[in-house]
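Welcome! Please take a moment to look over the sequence and turn the model around before reading on.

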Protein chains: 2
Amino acid sequence: MQISSRFTIAVHVLICIETFKKDMKTTSDFLASSVNVNPVVIRRILQQLKKAGIVEVKRGSGGADLARDPADITLLDVYTAVESVEEGRLFHFHENPNPQCPVGSNIHNILDDRLKRIQDAMEDQMRSVTIRDVMEDACRIISAP
Amino acid sequence: MQISSRFTIAVHVLICIETFKKDMKTTSDFLASSVNVNPVVIRRILQQLKKAGIVEVKRGSGGADLARDPADITLLDVYTAVESVEEGRLFHFHENPNPQCPVGSNIHNILDDRLKRIQDAMEDQMRSVTIRDVMEDACRIISAP
DNA sequence: ATCTTTGTAACAGCAAACATTACAATCATG
DNA sequence: CATGATTGTAATGTTTGCTGTTACAAAGAT
């Protein structure tokens, strides 16, 4: 099971907005053609990013912009914005383990701490990377010979 | 998108095998009743664990056993055993980004390193926990007053 | 031989992701 | 202020992977 492509699409979109904002209007159509998906998919993701205070989207006139300093947007922010699963739920548990079995009745007590630490490790790493970092990579790679 | 319950079920199963191996035969039926799923689900997971050299399963006579020292089985071993996605693919990418867009054509060059580091952080944490560690937690919790 | 249990195929149901069409609401601007 | 461009969102469809279930041959113990 993989983390949905919404996350990588969202990051792709943010990079595009920053890269092209001086030269063109970054409409959902334009962004969609860079990612190569339906514009509605982009609009839905932009809505999620907007709710999280990451972008501003203009109706009518069109186009999206970052709502904050790129150095102030982490990959974790983007991840939690577009990933529907609630906070702290990377691992899926089977429902209704047998309450009469000492293991079944305690499986959460036994595992939750360890699993949380695994998720924390991943999230800490995500928090350590900002859109500014990614933009630096992007500029370097795009302008390479 | 969550990591499938196969992972937590697999760990649950391993704990059960270790906990009950002295007192009973740990058949797929027995394990299924602790987890509260269909026995076939357990058998499928046991097969995946067997292919990874983590358990031994006896046909006919029945029952599963660990194939190695619990201290030598990490949560990462279990995770890669039951998670169908190939190595290094925690994040799902959209296919066919626009090759004519400097961002679209370079999106993997731009992101792969960062994403790999995130996945590595998660896997390192998983590797640091063994079934022996989990068994210690389990024994302490189960025998608590 | 018989009984138990595993290994596996076959199929069904469901949920989430992803795609697409359509259209009202919104905004800039001529 | 009418028009053209664009967003916001609902409705609908397709696909994919997970999970559940039935069924039964293969394997092993007694």
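Which residues are the closest to DNA strand C? They are A:Ser5, A:Arg59, B:Ser28, B:Arg43 and B:Gln47, out of 30 residues that surround the strand. Of the atoms of DNA strand C that come within 4 Å of the protein, sugar and phosphate make up 67%. Please keep in mind that this is a predicted model.

Let's look at some individual contacts with this strand. The side chain of B:Ser28 has an N or O atom 2.6 Å from a phosphate oxygen of DNA strand C. B:Arg59 also uses its side chain, with an N or O atom 3.1 Å from a sugar or linking oxygen of DNA strand C. With B:Gly60, it is a backbone N or O atom that lies 3.0 Å from a sugar or linking oxygen of the strand. Stepping back to whole elements, two or more residues of the surface near DNA strand C come from each of α1 (5–20) and α3 (39–51) of chain A and α3 (39–51) of chain B. The helix that gives the most is α3(B), with five residues. By character, the residues of this surface divide into 10 charged, 14 polar and six nonpolar.

Now turn to DNA strand D. Around this strand there are 30 residues, and those that come nearest are A:Ser28, A:Arg43, A:Gln47, B:Ser5 and B:Arg59. Sugar or phosphate accounts for 64% of the atoms of DNA strand D within 4 Å of the protein, and bases supply the rest. In chain A, the side chain of A:Arg59 places an N or O atom 3.0 Å from a sugar or linking oxygen of DNA strand D, while A:Gly60 has a backbone N or O atom 3.0 Å from a sugar or linking oxygen of that strand. Chain B takes part as well: an N or O atom in the side chain of B:Arg6 is 3.3 Å from a phosphate oxygen of DNA strand D. At least two residues of the surface near this strand come from each of α3 of chain A and α1 and α3 of chain B. Here α3(A) gives the most, with five residues. The surface near DNA strand D is made up of six nonpolar, 14 polar and 10 charged residues.

What does chain A look like as a whole? Its secondary structure consists of six helices and two strands, which run α-α-α-β-β-α-α-α from the N terminus on. The C-alpha atoms fill a box of roughly 65 × 35 × 25 Å along the principal axes. Chain A has a radius of gyration of 19 Å, whereas a compact globule of 145 residues would have one near 15 Å. Of the 145 residues of this chain, 50% count as buried.

One residue to find in chain A is A:Thr130, in the loop between α5 (107–127) and α6 (131–142). A:Thr130 counts as buried because its relative accessibility is 12%, below the 20% cut-off. Leaving aside residues up to four places away in sequence, A:Thr130 touches A:Pro70, A:Ala71, A:Ile73 and A:Thr74.

Finally, visit helix α4 (residues 75–82) of chain B. Six of its eight residues are buried, so this helix is largely enclosed by the rest of the structure. The buried residues are B:Leu75, B:Leu76, B:Val78, B:Tyr79, B:Ala81 and B:Val82. They pack against α1 (5–20), α3, α5 (107–127) and α6 (131–142) of chain B, and also against α5 of chain A.

Conventions: Residues numbered from 1 in each chain as written. Chains lettered and ligands numbered in written order. Predicted model: local features only at pLDDT ≥ 70, side-chain atom pairs only at ≥ 80, totals over all residues. Heavy atoms only, no water. Near = heavy atom within 4 Å. Polar contact = N/O pair within 3.5 Å; in protein donor to acceptor, adjacent residues only side chain to side chain. Helix = DSSP H or I, 4+ residues; strand = E, 2+ residues; numbered from the N terminus. Nonpolar A, V, L, I, M, F, W, Y, C, P; charged D, E, K, R; others polar. Buried < 20%, exposed > 50% of the residue type's maximum accessible area, 1.4 Å probe, protein only. Contact = heavy atoms within 4.5 Å. Rg over C-alpha atoms; globule rule 2.2 N^0.38 Å.
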